[in-house]
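Got your viewer open? Get the cartoon up, keep the selection box handy, and let's walk through this one stop by stop.

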Amino acid sequence: MDGPHSQIAIVGGGMAGLSCATKLAAAGHRVWVFDKGRGPGGRMAARRAEIAGKAVSFDHGAQYFTARDPDFREAVDGWRQAGVVARWAGAERSIGGEAWVGVPGMNGPIRAMADALDLTGGEVLWGQRVERLTRQGDVWRMQTEVDAYTADTVLVAVPAEQAQDLLTDAAPHFASVAGSVTSEPCWAVMAAFAQRLPIAAEGLRNPDAPFSWAARNSAKPGRTGNECWVLHASPARSREILELPKEDAAAALLADFFVQTGIAPVDPIHLAAHRWLYAMPTALDGEPARYDADLRIGIAGDYLHSPRVEGAWLSGAALAQRVLAES
C-alpha cells in the first residue's frame with residue numbers, strides 16, 4: 001500500500017461532494033476530499049479581480065439557489081445563522097420566487113462546509129486533481145498530479161463528463177451512467193462599470209435570448225465595490241461562440257447585453273469571460289445517488305437529481321446515506 005490512506009475519499013469538493021462529506025463526518029467517519037480547484041466553489045465559484053485599486057468578487061457560476069426540500073432548508077437555515085448565506089430580495093422581485101446567495105460570495109457555504117470538515121479530522125485537499133483510479137487489493141488507489149493516495153471507499157462527485165472519464169476502467173457500470181448525460185455549455189461574462197447602468201432590475205432572465213441571465217452582482221448581500229454585472233449566455237448562444245478566445249467571447253456577449261436591454265453601450269472598466277463546458281446537465285431519472293457496496297464506490301451529482309444547487313446537495317446527502325446504510 002503506497003501513499004497516505006483514508007477511510008473514505010471523495011473526488012470533488014463542490015456542493016455534492018461536501019454535502020456527502022458533511023453527513024459522513026457527522027456519523028464519525030474520517031473523510032478526505034480531493035478537488036482540482038485552488039479553493040472552494042466548483043460551479044459556485046467566485047472570481048476575484050482588482051478594479052480601481054479595490055478587490056471585487058464576481059459570482060461567475062451559480063447565481064442563486066432555492067431551498068424547497070425540508071432537509072436542505074434545514075441546512076440552509078444553519079448557513080443563514082452562520083452568516084454564510086442570505087436572501088437576495090432584488091432577484092426575488094425579478095424572478096418571482098425565493099433566491100438565496102452565498103456570503104460574501106456564492107462559495108460561502110462551500111467554504112463553511114470545508115472548514116467544518118477540518119474540525120472533524122477530515123481534510124479538503126485543494127489543487128489535487130485525481131487523474132487515475134485503480135483497484136489495489138482491498139483498497140482504491142488514487143493518483144493525482146503530484147502524489148498517490150489510497151482509501152477504503154471512494155465516492156465520485158464531479159460533473160458527469162469528468163466522472164465518466166475517471167470511472168471508465170475503475171467502475172464501468174457507473175461510467176456508463178455518467179456517460180448517458182448531456183450537459184449544455186455556458187459562457188459567463190464578468191463586467192464592471194464606473195457608473196451605475198440605467199437598469200432597475202437586479203436580475204434579468206430570458207432563456208430564449210442571447211444571454212439567458214444577467215445579474216447586478218454588486219447588488220447581492222455582502223458585496224461591495226463598483227457596478228458589477230455577470231452575464232450568462234444561453235446554451236444556443238454559447239454553442240455558437242464556444243471556441244472563441246475569451247476576449248472575443250466577452251466582447252460579443254457584452255454587445256448582446258446592450259442590444260437586449262436597449263441601453264446605450266458603455267465601456268467597461270473590467271471585462272473577463274469564463275467558459276463552463278458542463279454548466280447545465282440533463283438530469284437522469286432514477287436514484288439520486290448510486291453506490292456499489294461490494295466495490296465500495298459511488299457517484300453523486302446534480303445530474304442524478306436535478307441541475308440545481310439543491311439537487312447537488314440532495315444527491316450528495318443521498319450517497320452518504322447509502323454508504324452509512326451499508327457500513
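Here is a tour that begins with the whole chain, moves to a pair of helix contacts, and ends with single residues.

**Before you click**

What you have loaded is a predicted model, where local features need pLDDT of at least 70, side-chain atom pairs count only at pLDDT 80 or more, and totals for chains, interfaces and linings use all residues. Residues are numbered from 1 along each chain as its sequence is written, and side-chain values use heavy atoms, with hydrogens and water left out.

**Stop 1: the whole chain**

Show everything as a cartoon. The protein chain has nine helices and 17 strands; these are DSSP runs numbered from the N terminus, with helices being H or I of at least four residues and strands being E of at least two. The radius of gyration is 20 Å, close to the 20 Å that the globule rule gives for 327 residues, so the chain is as compact as a globular protein of that length. (That radius is taken over C-alpha atoms, and the rule is 2.2 Å times the number of residues to the power 0.38.) Along its principal axes, the C-alpha trace spans about 65 × 40 × 40 Å.

Now switch on the surface. The accessible surface comes to about 14200 Å², and 49% of it belongs to carbon and sulfur atoms; the areas come from the Shrake-Rupley method with a 1.4 Å probe, and for residues only the protein chains shown count as cover. Of the 327 residues, 55% count as buried, where buried means under 20% relative accessible area, exposed means over 50%, and partly exposed is in between (1.4 Å probe, protein chains only).

How do the contacts run along the sequence? Among contacts between residues at least 6 apart in sequence, 65% join residues at least 24 apart. Contact here means heavy atoms within 4.5 Å.

**Stop 2: α1 against α9**

Select residues 15-26 for α1 and 309-326 for α9. The helices pack at an angle of about 40 degrees, with their axes 7 Å apart. Axes are lines fitted to C-alpha atoms, for helices over the stretch in contact, and angles run from 0 to 180 degrees between N-to-C directions. The crossing of α1 past α9 is right-handed: a crossing is right-handed if the near helix is turned clockwise from the far one by less than a right angle, and left-handed if anticlockwise.

Turn on side chains. On the α1 side, look for residues including Met15, Cys20 and Leu24; their counterparts in α9 include Trp313, Leu319 and Val323. The residues of this contact divide into 12 nonpolar, three polar and one charged. (Ala, Val, Leu, Ile, Met, Phe, Trp, Tyr, Cys and Pro count as nonpolar, Asp, Glu, Lys and Arg as charged, and the others, Gly among them, as polar.)

**Stop 3: α1 against α4**

Keep α1 and add α4, residues 108-118. Here the axes come within 10 Å and cross at roughly 35 degrees, and α1 passes α4 in a left-handed crossing. Met15, Leu18, Ser19, Ala21, Thr22 and Ala25 in α1 meet Ile110, Met113, Ala114 and Leu117 in α4. This contact has eight nonpolar residues, two polar and no charged.

**Stop 4: backbone oddities**

Most residues other than glycine have a negative phi, and most peptide bonds are trans. Which bond is cis at this stop? Try Val103 to Pro104, where omega is near 0 degrees. Pro104 sits in the loop between β6 (100-102) and α4.

Next, pick Ala52, which has a positive phi of about 55 degrees although it is not a glycine. You'll find Ala52 in the loop between β3 and β4 (54-58), and at 70% relative accessibility it counts as exposed. Then jump to Arg296, another non-glycine with a positive phi, near 55 degrees. Arg296 is in the loop between β16 (289-292) and β17 (297-300) and counts as partly exposed at 24%.

**Stop 5: residues that meet across the sequence**

Select Pro221, in the loop between β13 (211-216) and β14 (227-233). Pro221 and Trp88 are 133 residues apart in sequence, but 6.4 Å apart in space, C-alpha to C-alpha. Not counting residues up to four places away in sequence, Pro221 touches Ala86, Arg87, Trp88, Val101 and Val103.

Finish on Leu253 in helix α8 (residues 246-261). Buried or exposed? Leu253 is buried, with a relative accessible area of 2%. Outside residues up to four places away in sequence, Leu253 touches Trp187, Val189, Leu231, Ala233, Arg237 and Ile241.
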